[in-house]
Amino acid sequence: MSAALASTPSDAVRPTSFGLLGSPNAGKTTLFNALTGLRARVGNYPGVTVERREGSIALGDRTAQLIDLPGTYGLEPISADEAIVGDVLEGRVEGIDRPDGLIVVADACSLPRTLPFIGEAIRMGQPTLVVLTMLDELAARGGSVDLARLEDSLGVPVVGVVGHRGRGMDQLRAKLADPLSWSRPAVPPPEERLERAGWAASIAEHVISQMPVRHALTERVDRIVLHPLWGSLLFLFVMVTFFQLIFSWAAPAMDAIDGMIGQLSALARATLPAGWMADLAADGLIAGLGSVVIFLPQIVLLFSLLYLLEDLGYMARAAFVIDRVMGRIGLEGRSFVALLSSYACAVPGIMATRTIPSPRDRLVTILVAPLMTCSARLPVYALLISAFVPESKVLGPIGLQGLVLLALYLAGAVAALIVAGLLKKTLVPGDGLPFAMELPTYRVPTFSLWLSQVWGSAWSFLRRVGTIILAVTIVLWLLLSFPNVEPPVGADERTAAAHALEHSYAGRMGHFIEPVIEPLGFDWKIGVGLVASLAAREVIVATLAQIYATGGDEDAGLRASLRADRHPETGSPIYTPATVASLLVFFVFALQCMSTLAIMRRETNSWRWPAFAFGYLLGLAWIASFVTYRVVGALAPGDWVS
Amino acid sequence: MSPNENHDSGAGAETLDQISSGLSVAVVSISGNDAISRRLDDLGLRAGVEIEVIRRAPLGDPTLFELCGYQLCLRRSEAGRVRVKPLSSDSATDPRESGSARS
């Protein structure tokens, strides 16, 4: 990643670089995108987990570099993530040149708050320019700031912009062409905090003729959204809609994709010469990539809703409402939003933890995100529940099958909260950072921006998850297909396939781990499935189908095969209620997803935490399965009723 | 603007977490000298600044405040660090006051 961020090879002179500063919610990201045209290079700073973004600004015949520094409210850091800002500004970070100029982005509506921050930036010594954003909102709220007076008082250039409409952008670009021409104050702003506050207050008095009143629309809407009763109901409504989207609305598209994958696979078999090439293409590549693409409708819908709520300004309200519950376990409201996103897929959920300022809170949220019941668990749950849980009704019209599914979903969330609480008490204690969150005014989301956010995230998901699944699928296919053994004499195609599987490397691995999984009620066949599913959960369904040599994965055939399976020696059923319960519980806990591990590595900037997550979740899975197996085994008989 | 009445009466050390919804007060100082006090200062909680308590979250915490033209959520523990006093009648006539509408 860092290779991509090395200084661009220059002809004679290194291009001018600017550092972009500002508080969160000031419109810094919008400005960054407007200046660099959405071609940001993303990476990491050494030693911290905060995201590093850089881009190029086209300035006529030249280009300049723009470093988007993490949003802060002041330059005196309160965490390692914030310290990186000062480090970059003073040129202390290896590989990043000290910026030649600073651009401080400030929301015009809250200028009195930001003035001391502007003072700190000017004190850093580089040519500094102030960009005042949200001027349209300031006017709408009846506020008034004299930009010329501000420029005089500060002694540095001030440019007013209305971000997405592009007003002021030309003026800004003209300024960026020559930072050395920017005016500098004769006397630097005070160093001491209290003095600086006084300095800021006197400037505010001089340049602000009218402070804005509260945003009318925001006030009216918040009366409902933050109302004890209506706000809570709205919150629940949003949650329910979330899940509806993920499950029901995505279904038609998913079915269509499923059909296309099947056709593509058949096409590959038909056109390629029979043998390992056709097998690899059909069962390996196409099926593997297909298993990623099939989640795309859900992912796109999820991102669409998340970004819509975020851009509107609702997400901060959701965090505000739920913060007390999260605070009880040592986290905060924004963790909830990230964990909620994990319900479709942990990958975007973990990416959403970027909004959490505290590095430790972010880490704990990342570590428990895999416990949230992601969509990949659904095929596994669906198979086992439809095969083994009776269709009886409980409490009137409520079906037992649906109830079990709901219980599994809730179990994930409850486990996540409990584990988060434990982690915060033991391994990752709080860093003593204060909780403070701005509630931005409600805004009509910019369609093009929303579209680019959704597209960017969906593409990033596809590329990241896609490459991993592709690699893993190939490896798995190899393990399942080799070594080639002679089928027993007179065996039909299906029996031959099952035989081949048992003697494949994967099959041998299944036998190898059998002693460890036997206490959980699993046999070697389930073992093979578990080994396969370590890469991606849903793979177990296809693997079991292959083991039992049935036609498809959701055929009645596989379910019947599972129900009919017997121990070779004792003749008792393999899938007893205890085994099924134990297997379901195993999937609630275990981290079986290479993509999640990869995104964890990316977001925590090390392999230590993904390894820890994999280990502790595997341990939890084993213990929980063990307990479940014993308890259910004691309560329920070995045979299924009905 | 009518003079504010603090239902939590008593002279001196009143903190922001004790102020009821709908009331406005002025910041006196921030107690302590650590990361939290620095952050509160960065957020605009400085001597003389007017801050209005808008509402508490449905579950009781955090609380939503308005100051310096923006809205901020703080938990009880952080708000407890902010020493406040009733708004003086001088500031009531200041034309540049944030004319926050009464809900």
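Which residues form a nonpolar patch on the surface of chain A? In this predicted model, the patch is made up of Val516(A), Trp622(A), Ile623(A), Val627(A), Val631(A) and Leu635(A). Together these residues have about 570 Å² of accessible area. The largest share comes from helix α27 of chain A, residues 608-635, which gives five residues to the patch. Ile623(A) is a convenient one to look at: this residue lies in helix α27 of chain A, and with a relative accessible area of 52% Ile623(A) counts as exposed, because the cut-off for that class is over 50%.

Turning to the sheet, seven strands of chain A form an open arrangement in the order β2-β3-β4-β1-β5-β6-β8, with mixed pairing. The edges are taken by β2 (41-44) and β8 (158-160) of chain A; each has a single partner strand, so one side of each is left without a neighbour in the sheet. On average, neighbouring strands of this sheet are turned by 25° against each other, direction ignored. Helix α3 of chain A, residues 111-123, packs on the sheet and touches β1 (17-22), β5 (101-107) and β6 (128-133) of chain A. The direction of helix α3 makes about 175° with that of β5(A).

A closer view of one strand pair helps to follow the sheet by eye. Strands of a sheet pair through backbone hydrogen bonds, in either the parallel or the antiparallel sense. For strand β3 (residues 51-59) and strand β4 (residues 62-68) of chain A, the pairing is antiparallel and runs over seven bridges. Within this pair, Gly55(A) has Leu66(A) in β4(A) as its bridge partner.

Conventions: Residues numbered from 1 in each chain as written. Chains lettered and ligands numbered in written order. Predicted model: local features only at pLDDT ≥ 70, side-chain atom pairs only at ≥ 80, totals over all residues. Heavy atoms only, no water. Pairing = 2+ DSSP bridges. Helix = DSSP H or I, 4+ residues; strand = E, 2+ residues; numbered from the N terminus. Axes fitted to C-alpha atoms, helices over the stretch in contact; angles between N-to-C directions. Contact = heavy atoms within 4.5 Å. Patch = residues over 30% accessible without salt bridge, like charges linked within 9 Å, V, L, I, M, F, W, Y side chains within 5 Å. Areas by Shrake-Rupley, 256 points an atom, 1.4 Å probe, with all protein chains shown as cover. Salt bridge = Lys/Arg side-chain N within 4 Å of Asp/Glu carboxyl O. Buried < 20%, exposed > 50% of the residue type's maximum accessible area, 1.4 Å probe, protein only.
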